[in-house]
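User: Please take a close look at the sheet in this model, and then follow the strand pairing outward to the packing around it.

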Amino acid sequence: MARLTQAQLFQVGNNFEERSPDDLLRWAKETFGNRVAAISAMQQSGCTVCHMISRLKLDIPVIFVDTGVMFQETLDTRDRLAKEYNLNIRTLQPEQTMEEQTAQHGVLYLTVEGQKQCCHARKVEPLLKMQGEYDCLISSLRRADGGRRGACPILSADVEMNAVRLNPMANFTNEQLDAYIAEHNVVTNPLHQQGYSTIGCNRCTTPVMPHEDKRSGRWRHLGMQAMYCGINPTDTDDGTAPALDLPLDLVDRILGVKTDFMI
Ligand code: SF4
């Protein structure tokens, strides 16, 4: 095994700034083979990545974390994408139902600390159970979404999953996203047409007013104290410099070099 640092991934990602999402998705398949998967919450960008994977015939599985309290429209969108784009969508679920969790801990999502616990149990832990299955996870974060995502890297290290995170849509503008969806008639979550700019669990997501920030509909009841769930490590990055442990030949392919040893 060899170490692959966040700094090295940032450097490779910097060289990818001019590459299109199509190119980056092809690179992921060529580099990681069958050890790459996409994560989608069935929002606009995620649905678009699903369409790209299908259009490019990349045979990359899609992971969807069903917290047990998703909107029916989101579940229907997942099912439509699987059927119409012939995608292998793998649904992960938390250990406890929301009812079981509430019976044990109370209504967690009503407080800032409880939200962190709830999101970790219902979103992050199901993903962590897959640790070791994939060396690369494709997300659909975009810099145009602003906030912590305003500078999201194309490549980063997901230390808990010991996997590279790829954001092929990082540079996709709102105009490019709208144009792609219109041109390809991409299946998207109908809640976007009902004022939901971003979509998570039905307990913690509301529509937003036209003048509001895009993420203001998430955890609105907690004010500005909760903005992200933690399923995307760069949203909650504490500024440390993590590293992954991956096979040396894979590290060579990611870096585009041939090394005899790693320090
Ligand atoms: S978004 Fe709300 S209900 Fe969903 S996992 Fe997080 S705190 Fe729990």
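Analyst: An open sheet of six strands, with mixed pairing, follows the order 4-3-2-5-7-6; strands here are DSSP runs of E of at least two residues, numbered from the N terminus, and two of them pair if DSSP finds at least two bridges between them. Strand 4 (89-92) and strand 6 (155-158) are the edge strands, each pairing on one side only. From one strand to the next the twist averages 30°, where axes are lines fitted to C-alpha atoms and angles run from 0 to 180 degrees between N-to-C directions. This is a predicted model, in which local features need pLDDT of at least 70 and side-chain atom pairs count only at pLDDT 80 or more, while totals for chains, interfaces and linings use all residues. Residues are numbered from 1 along each chain as its sequence is written.

At one edge, strand 3 (residues 62-65) runs parallel to strand 4 and is joined to it by four bridges, with Val62 standing opposite Ile89. Strand 1 (residues 2-5) and strand 8 are also joined by four bridges, but run antiparallel, and Leu4 has Leu244 as its bridge partner. Along strand 8 (residues 243-246), Leu244 and Leu246 point to one face and are buried, whereas Ala243 and Asp245 point to the other and are not; buried means that 20 or more other C-beta atoms, placed from the backbone, lie within 10 Å of the residue's own.

Leu244 is also in contact with Val164, contact meaning C-beta atoms within 7 Å. Leaving aside neighbours within four places in sequence, the other contacts of Val164 include Leu155, Ala157 and Ile254.

Conventions
Two residues are in contact if their C-beta atoms, placed from the backbone, lie within 7 Å. A residue is buried if 20 or more other C-beta atoms lie within 10 Å of its own, exposed if 12 or fewer, and partly exposed in between; C-beta atoms are placed from the backbone.
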